[in-house]
Amino acid sequence: SPNDNSPIPPFANSPKSSVFPVSPLRLFTYSPNTGVTLVELIIVIAIIGIIALFATIDTGWFQRDARVTEARDRLLADVEDAKLKSLAQVPHGIFVQDGNAASYTVRRLVDADNDFVRDAAEATTTLSTVTLQTGMRIQLTGLTSGNELWFDRKGIPRTDTWAATVNATFRVWYDDNGDSAYTAGEQTKTISVNQDGRIQYE
C-alpha cells in the first residue's frame, strides 16, 4: 500500500529477473536460436557409451567367481583344520566321493590301537559334510590311490592306505556346461598339498 514503508525486495520490479544471470537449465536446453553445442553433444555421447558398457558386462561371471572363491575358502579352512587336528589329536582327513563330486566330507580316524596310523580294519567318523552350491564341482587328484587325503601325526599327507603322496590337488570349479568335468576356461580355484604337508592355494 502507499503507506507501507517496508523495504522493497530486490528485483521486485522485475518479475522475470533472477539471481542467476543465465538459467542453468538453458545450458542443456535446445533452442532454435542457439542449437546444440559441441560440449552438450559430447556429454550425451559419453552417457550413451557408459550405459552401453554396463549393458554388455557379464555380471554372471562375477557371481560365479564369488561362488568358486567362497567354496575354495571353505575347503581351505577344512584342510588346514584337518592338518592341525592331526598334529594335536588323531589323524583327520578329507574325503571326496568321486572324481567330480558336488560335496566332500571331513573325517576323523577311530584309532583303536593308538598308533596314529589308519589300519585297514579301523573305522572313521564323519565330522561334517559340505555340499557345494548349485553348479559347483570338486575333485581330488595326485593321490597314489583312493580319494581320501589324510594327515599323519607329523602333518605329512597320506592316502587311505597310508601311502605317502607326492602332490595332492583339490580343484573347485563352476561347471558351466554341466558335464560334471572340468573344462579349460571354466572358473576354477585350486588347493595343493605337497609331500611335506605344505598347503598352497590360488
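What percentage of the 202 residues of the chain count as buried? Before I answer, please keep in mind that what we are looking at is a predicted model. The answer is that 31% of the 202 residues count as buried. As for the surface, the chain exposes about 12800 Å², and carbon and sulfur atoms supply 57% of that area.

Let me turn to the overall layout. The chain holds two helices and nine strands, and if you read along the sequence you meet them in the pattern α-α-β-β-β-β-β-β-β-β-β. When we take the contacts between residues at least 6 apart in sequence, 55% of them join residues at least 24 apart.

Now to the strands themselves, beginning with β2, which spans residues 103–109 and is mostly covered, since six of its seven residues are buried. Strand β2 pairs in the antiparallel sense with β1, residues 92–96, over five bridges, and within that pairing valine 96 has tyrosine 104 of β2 as its bridge partner. Strand β2 also pairs with β3, residues 124–131, again in the antiparallel sense and over seven bridges, and here the bridge partner of serine 103 is threonine 131 in β3. As a general reminder for those new to this, strands of a sheet pair through backbone hydrogen bonds, either parallel or antiparallel.

Next, there is an open sheet of four strands, in the order β4-β7-β8-β9, with antiparallel pairing. Its edge strands are β4, residues 136–141, and β9, residues 199–201, each of which pairs on one side only. From one strand to the next, the twist averages 15°. Looking at one pairing in this sheet, β4 and β7, residues 167–174, run antiparallel and are joined by six bridges, with methionine 136 having tyrosine 174 in β7 as its bridge partner.

Finally, I would like to point out two residues in loops. Most residues other than glycine have a negative phi. Asparagine 114, however, has a positive phi of about 55° although it is not a glycine, and you will find asparagine 114 in the loop between β2 and β3. Serine 180 is another non-glycine residue with a positive phi, in this case about 60°, and serine 180 is found in the loop between β7 and β8, the latter covering residues 188–194.

Are these two residues buried or exposed? Asparagine 114 has a relative accessibility of 59%, and therefore counts as exposed, while serine 180, with a relative accessible area of 26%, is partly exposed.

Key
Residues numbered from 1 in each chain as written. Predicted model: local features only at pLDDT ≥ 70, side-chain atom pairs only at ≥ 80, totals over all residues. Heavy atoms only, no water. Buried < 20%, exposed > 50% of the residue type's maximum accessible area, 1.4 Å probe, protein only. Pairing = 2+ DSSP bridges. Axes fitted to C-alpha atoms, helices over the stretch in contact; angles between N-to-C directions. Contact = heavy atoms within 4.5 Å. Areas by Shrake-Rupley, 256 points an atom, 1.4 Å probe, with all protein chains shown as cover.
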